[in-house]
Each structure stands twice: as C-alpha cells, then as structure tokens.
Amino acid sequence: MRLGALEAGGTKMVCAIGNERGEIEKRISLPTETPEITLPAMEKFFRENAVEALGIGCFGPIDLNRASATYGYITTAPKLAWQNCDIVGYFRRALNIPVGFDTDVNGSALGEATWGASRGLENSMYITIGTGVGAGIVVNGKLLHGMLHPEAGHILLKPHPKETYEGKCPFHKNCFEGLAAGPAIEARWGAKGVELADRKEVWELEAYYIGQALVDYLMVLSPQKIILGGGVMHQEQLLPLIRREVKEQLAGYIVTKELEDLESYIVLPALKDNQGIMGALKLAVDEWEMSLQTPGDRVN
Ligand code: ADP
Ligand code: ZN
C-alpha cells in the first residue's frame with residue numbers, strides 16, 4: 001500500500017510516502033507558510049504519489065473529538081494563519097481518502113510504540129523537549145486523548161531552591177516548558193543550549209526539572225517505558241543526570257523491575273529522528289483499517 005505521512009510543524013511540513021511496514025520511500029520538507037500556500041503544495045505531492053490514506057501528526061492545539069463539528073481542525077494555535085484551519089477536511093476533500101489525525105507528540109509516541117523503543121508495550125510515554133515540551137501517551141495500547149489531548153508540558157514544577165529565573169511560559173511561568181524547554185534555557189543562561197554544552201550547572205538544573213516531571217508522570221500514568229526526544233536531548237550528558245534525578249526524587253517509593261534498570265526504562269528514541277513521520281504513517285494505516293469497518297463497529 002502507498003500511504004502518505006505528514007509531520008506538520010510550525011516551521012516546516014515534512015511529507016513522506018511509505019507503507020504499512022513503516023518503510024519510507026521518499027520525503028520532502030516544505031516551509032510552513034500560510035494554509036493557502038502550503039496546503040495545495042502538500043496536496044500536489046500526495047496526489048502525484050497516489051496515496052491511499054494519509055496520516056497527520058500535527059502541531060496544536062487541535063480538535064481530536066470525532067463527534068465535534070470542528071474535528072480535524074487546528075484550533076487556537078499560536079501560529080495565527082493556521083488558527084481554525086480544517087486540515088483534515090482539506091485533505092479528505094482534495095484526495096478523497098481516509099485521513100488519520102493526532103498531535104505531533106502522540107504521533108511520535110505511536111511511531112516508537114509501533115516500530116521503536118516501546119514496541120510491544122501497552123503503556124509508554126514519549127516526551128519532546130525542544131522549542132516547547134509535549135508528551136504523547138500510550139495507555140492500554142491506545143493513544144490517550146481524553147477531553148482534548150494531554151498538555152503534559154505545562155504541568156507546574158517546583159522551582160529549584162537556587163533558581164533565579166521565573167520561567168518563560170506566558171500562561172504559567174514555572175511549568176515544565178516554562179522552566180526547561182530550549183527557549184527557557186536560553187533566557188536563563190543568556191546563550192543557546194548548544195553553546196552551553198560544557199556548563200555542568202546548566203545540565204544539572206535541567207535534569208532536576210526533567211526528573212521532577214518524569215516522577216510526576218510516572219506516579220500518574222505508570223508507563224512501562226519513557227522515551228525522551230527533542231533538540232535539548234541532543235545533549236548527551238543529560239540522560240544519565242535525568243536518571244539520577246528520577247532515582248533520587250522517587251526516593252525508593254516504587255519498586256519494580258523496570259525502575260531497577262533505569263538505563264532501559266528512560267531512553268532516547270530508537271527511530272532517531274524518524275519517530276514523528278513514522279508515527280504519522282501508522283496514523284494512516286490505522287485510519288485506513290478503520291475505514292473498512294462499518295460505521296456501527298467503530299470504537300472511536
Ligand atoms: P522543535 O521543538 O521546534 O520541533 P527541536 O526539537 O530541534 O525543534 O528543538 C529546538 C530547541 O532545542 C531550541 O530551543 C534549541 O536551542 C534546542 N536545541 C537544539 N539542539 C540542541 C543541542 N544540541 N543542545 C541543546 N539544545 C539544543
Ligand atoms: Zn505553561
């Protein structure tokens with residue numbers, strides 16, 4: 001089967017052609033301009049490649065409620081030109097094929113759960129720490145949506161006793177994203193993360209916040225594995241520091257075989273930088289399969 005995958009981001013749109021085994025045949029990247037410019041350009045690529053279904057992992061917030069009149073819309077996105085954009089409807093109408101849709105981080109979580117580090121596990125989390133912080137959550141083998149979709153990057157964190165920076169989130173200041181995303185690192189220390197590689201205190205503080213967030217997620221969701229992606233995680237010294245913080249902050253409260261082996265429990269993405277696009281491919285597979293069922297059999 002020829003399937004289309006779209007990783008829709010605020011700066012670029014990665015479009016790929018692949019199959020149900022997760023094999024990517026070709027891909028292109030287009031800058032995210034306005035919907036009027038970028039949607040037809042993507043449509044052209046998918047049309048030329050005769051895809052039979054499309055999956056979209058999308059920046060948000062987005063409407064994932066299939067019963068809603070605005071299902072498949074990008075809703076209140078900070079990227080103004082894309083607010084209230086019916087991205088799913090556009091491709092459904094233009095290409096007349098099933099279109100799967102989820103958040104970008106849920107897409108990455110699905111990619112890893114299907115073909116990567118959390119393959120075969122019923123419960124896992126994928127967290128990206130980049131320009132923002134977000135999490136995709138697999139619970140009992142399904143992506144967690146709930147009322148909207150998780151916004152796990154905005155959980156409030158306790159500032160470090162020596163913290164002097166108030167936090168960058170315009171809504172909450174000291175949430176996970178506000179204290180630990182790439183722009184927060186830059187605002188606190190006056191330089192980009194990549195330029196701070198040899199500053200030990202930068203990464204110890206970063207690990208303190210990431211560790212704190214992981215402990216909170218772990219207590220609530222009890223994932224069997226946690227995968228950490230995004231630009232900030234390219235700092236190789238960070239992962240061991242995060243594992244150390246998690247161990248310390250858990251304080252021995254939970255005892256499981258997974259937590260005895262934190263090197264296998266908290267890991268980097270196995271799909272390198274392909275988890276997002278491969279997750280979008282799996283969204284296409286799932287939507288295509290769902291389209292074969294009669295409407296009465298559908299579960300969601
Ligand atoms: P996005 O979140 O926009 O999709 P990324 O995941 O690449 O993109 O995240 C970009 C953020 O990550 C920027 O704030 C950047 O400073 C930071 N970043 C990128 N690479 C590194 C690195 N090697 N070390 C530390 N921070 C990095
Ligand atoms: Zn916030």
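The expected span of a helix is 1.5 Å times one less than its number of residues. Helix 7 (residues 238-250), with 13 residues, reaches 18 Å from its first C-alpha to its last, close to the 18 Å expected at 1.5 Å a residue. Helices (H or I, at least four residues) and strands (E, at least two) are DSSP runs, numbered from the N terminus.

This is a predicted model, in which local features need pLDDT of at least 70 and side-chain atom pairs count only at pLDDT 80 or more, while totals for chains, interfaces and linings use all residues. Residues are numbered from 1 along each chain as its sequence is written, chains are lettered from A and ligands numbered from 1 in the order in which they are written, and side-chain values use heavy atoms, with hydrogens and water left out.

**Helix 1**

- The 14 residues of helix 1 (residues 35-48) should span 20 Å at 1.5 Å a residue, and the end C-alpha atoms are 19 Å apart, which agrees.
- Pro35, Thr38, Leu39, Met42, Glu43, Phe45 and Phe46 are the buried residues of helix 1; buried means under 20% relative accessible area, exposed over 50%, and partly exposed in between (1.4 Å probe, protein chains only).
- These buried residues cover an arc of only 160° around the axis, which puts them on the same side of helix 1; the arc is that of the directions from the helix axis to the C-beta atoms.
- Glu36, Lys44 and Glu48 are exposed on the other side of helix 1.
- The cover over the buried residues of helix 1 includes strand 1 (3-8), strand 2 (12-18), strand 3 (24-31), strand 4 (53-58), strand 6 (85-86) and helix 2 (87-95), where contact means heavy atoms within 4.5 Å.
- Ala50, just after helix 1, takes a positive phi of about 50°.

**Strands 1 to 3**

- Strand 1 and strand 2 run antiparallel and are joined by six bridges; two strands pair if DSSP finds at least two bridges between them.
- The hairpin that joins strand 1 to strand 2 passes through three residues.
- Leu6 has Cys15 in strand 2 as its bridge partner, and Cys15 in turn has Ile28 in strand 3 as a bridge partner.
- Strand 2 and strand 3 also run antiparallel, joined by seven bridges.
- Five residues lie between the strands in the hairpin of strand 2 and strand 3, where Gly22 takes a positive phi near 85°.
- Six of the seven residues of strand 2 are buried, so strand 2 is largely enclosed by the rest of the structure.
- Leu3, in strand 1, counts as buried at 0% relative accessibility.
- Residues up to four places away in sequence aside, Leu3 touches Ala16, Ile17, Gly18, Asn19, Glu20, Val51, Ala53, Leu281, Ala284 and Val285.

**The five-stranded sheet and helix 6**

- Five strands form an open sheet in the order 10-9-8-11-12, with mixed pairing.
- Strand 10 (142-143) and strand 12 (266-267) are the edge strands, each pairing on one side only.
- Five bridges pair strand 8 (residues 124-129) with strand 11 (residues 225-229) in the parallel sense, and Ser124 stands opposite Lys225 in strand 11.
- Helix 6 (residues 200-221) lies across strand 8, strand 9 (133-139), strand 11 and strand 12, running at about 155° to strand 8; axes are lines fitted to C-alpha atoms, for helices over the stretch in contact, and angles run from 0 to 180 degrees between N-to-C directions.

**Helix 7**

- The buried residues of helix 7 are Leu238, Leu239, Leu241, Ile242, Arg243, Glu245, Val246 and Leu250.
- Covering these buried residues are elements that include helix 6, strand 11, helix 8 (257-260), helix 9 (262-265) and strand 12.
- Ala251, just after helix 7, takes a positive phi of about 55°.

**Aromatic pairs**

- Rings of Phe, Tyr and Trp (its six-membered ring) pair if their centres lie within 6.5 Å; planes under 30 degrees apart count as stacked, over 60 as edge-to-face and the rest as tilted.
- The count by this rule comes to seven aromatic pairs.
- Phe59 and Trp82 form an edge-to-face pair, because their ring centres are 6.4 Å apart and their planes are at 75°.
- Phe59 lies in the loop between strand 4 and strand 5 (73-74) and Trp82 in the loop between strand 5 and strand 6, so the pair ties together parts that are 23 residues apart in sequence.
- Both Phe59 and Trp82 are buried.
- The rings of Phe176 and Tyr217 have centres 6.4 Å apart and planes at 45°, so this pair is tilted.
- Phe176 lies in helix 4 (residues 176-180) and Tyr217 in helix 6, so the pair ties together parts that are 41 residues apart in sequence.
- Phe176 counts as buried at 0% relative accessibility, and Tyr217 is buried with a relative accessible area of 5%.
- Phe45, Phe46, Tyr90 and Phe91 are linked into a cluster by ring pairs.
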